[in-house]
Amino acid sequence: MENAREAQKLLAAFPQEKLDEIVERMAEEIKKHVYELAMMSSNETDYGKWQDKYIKNRFVCEYLPTKLRDMRCVGIINEDSQNKTMDVGIPLGVIVALCPATSPVSTTIYKTLIAIKSGNAIVFSPHPRAKKTICRALDIMICAAEGYGLPEGAISYLHTVTSSGAIELMNHKATSLIMNTGVPKLLKEAYKSGKPVIYGGTGNGPAFIERTADVKQAVRNIIDSKTFDNGMMLAAEQSIVVDSCIAADVRHELQNNGAYFMTEEESDKIGSLFFYSDGRMDSEIVGKSAQELAKRAGFCIPDSAILLISEQKYVSETNPYSREKLCPVLSYYIEDDWMHACEKCIELLLSERHGHTLVIHSKDEEVIRQFALRKPVGRVLVNTPASFGSMGATTNLFPAMTLGSGLAGEGMTSDNVSPMNLIYIRKVGYGVRKVEEITRGILTEEKPDLCNVTKPQEGYSSEDMKLIQSILKKAMEEIG
């Protein structure tokens with residue numbers, strides 16, 4: 001942390017152009033290794049599918065840098081010549097980063113690129129289950145970046161990984177911000193540190209298929225999303241809520257596309273695998289295929305089945321299907337109309353209390369707007385797969401592997417976290433009016449004659465002046 005602090009002091013003096021050059025070089029170099037790292041992470045963690053990890057790795061190496069190129073994060077980032085104001089971007093300092101074992105490579109690459117883009121040093125505490133893979137990815141990027149002038153120590157990581165080590169990092173006086181992606185067991189310790197926390201964590205995102213939706217497309221979207229990397233994306237759908245008048249069509253399409261509706265007995269068997277008696281998720285079911293889950297639960301499903309669905313009626317704390325499931329399993333609810341579906345979605349979101357992501361499939365703009373206005377959630381996605389839409393692949397949201405669940409949930413932001421979340425903005429304002437201009441006429445009982453007021457500076461109308469004078473007059477009357 002001390003080395004990172006000293007390195008960041010040097011980094012803070014780098015112009016945006018130099019930071020951009022380093023980011024580009026890192027992205028180019030790590031791109032050469034994404035296949036190797038996808039295989040390595042799948043083997044080390046035993047989570048998900050290496051093919052889908054490869055896609056995620058390519059996404060952050062290729063698409064993310066294109067979005068970063070035109071961003072200005074440090075120095076003068078905005079200048080308003082008419083109103084005589086400027087915004088100056090200032091790096092926060094040293095960032096402590098926690099990465100999940102579910103997406104270890106893509107999240108590590110993404111955090112490194114946005115940290116350096118914004119002039120910050122970053123220190124990682126690798127996930128114990130993905131330590132070798134995360135360290136390998138970081139070594140590649142460190143070598144590339146330092147070859148182009150990055151100060152030594154600006155990117156670093158714990159070589160001995162323990163919870164106590166991560167806690168020491170978070171509590172260190174040099175730490176300016178904690179970025180915790182998918183490591184909930186360290187969230188309380190992060191808050192105890194007193195440092196700002198960006199948390200991208202558990203979600204219980206429902207997908208509502210409303211009666212005006214394109215049912216075939218909606219079903220394809222949901223299946224593509226929930227089976228991607230065997231359902232480990234944190235924004236992936238956890239439940240389907242269906243308008244009753246189209247429920248038969250939705251069920252038919254789901255079955256035609258590889259979904260298997262479990263019996264009540266089968267649902268109970270699968271449900272018993274998800275969590276320990278103390279409520280913690282069993283990590284050994286994370287990222288397992290539908291076939292593997294059914295085999296572990298002791299029943300058979302067709303070879304064509306890629307997604308398991310459990311029909312449910314109620315949301316409760318004791319119902320495992322009311323919670324997040326990081327595997328290709330969905331709960332399925334039928335509601336009479338969009339208003340009841342809206343309430344069901346709110347119940348599901350509040351059951352995890354983190355307000356992550358919600359999806360609505362509909363052509364009715366009024367229903368879409370009502371969902372956007374009423375849901376206690378960080379992002380609402382419309383007619384798109386949650387896994388891809390949330391990270392900015394099928395939407396124009398910022399391409400991110402840390403999806404804030406703040407405000408409605410936990411953490412300081414609900415944004416798709418970008419370099420702009422890793423700076424503070426220094427405001428600069430030039431004087432454009434003299435004190436005499438705004439106080440003239442205020443100390444008298446008479447209303448100011450706007451015709452005789454000195455012409456205001458460019459960009460400020462007589463109405464602006466009148467409003468300022470009125471406010472000041474009232475204030476002086478109250479304190480007089």
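## Overall contacts, helix α3 and the cavity

In this predicted model, residues 24 or more positions apart account for 72% of the contacts (heavy atoms within 4.5 Å) in the chain with a separation of 6 or more. Residues are numbered from 1 along each chain as its sequence is written. Local features need pLDDT of at least 70, side-chain atom pairs count only at pLDDT 80 or more, totals for chains, interfaces and linings use all residues, and side-chain values use heavy atoms, with hydrogens and water left out.

The table gives values for the chain.

| Property | Value |
|---|---|
| C-alpha span along the principal axes | about 85 × 55 × 40 Å |
| Buried share (under 20% relative accessible area, 1.4 Å probe, protein chains only) | 55% of 480 residues |

Helix α3, a DSSP run of H or I with at least four residues, numbered from the N terminus, covers residues 34-45 and reaches 16 Å from its first C-alpha to its last, close to the 16 Å expected at 1.5 Å a residue, where the expected span is 1.5 Å times one less than the number of residues. Val34, Leu37, Ala38, Ser41, Ser42 and Thr45 are buried in α3. Seen down the helix axis, these buried residues fall within an arc of 130°, so they line one face of α3; the arc is that of the directions from the axis to the C-beta atoms. The buried residues of α3 pack against α2 (16-31), α4 (50-68), α5 (104-117) and α6 (131-146). Just after α3, Asp46 takes a positive phi of about 60°.

Methods. Helix = DSSP H or I, 4+ residues; strand = E, 2+ residues; numbered from the N terminus. Buried < 20%, exposed > 50% of the residue type's maximum accessible area, 1.4 Å probe, protein only.
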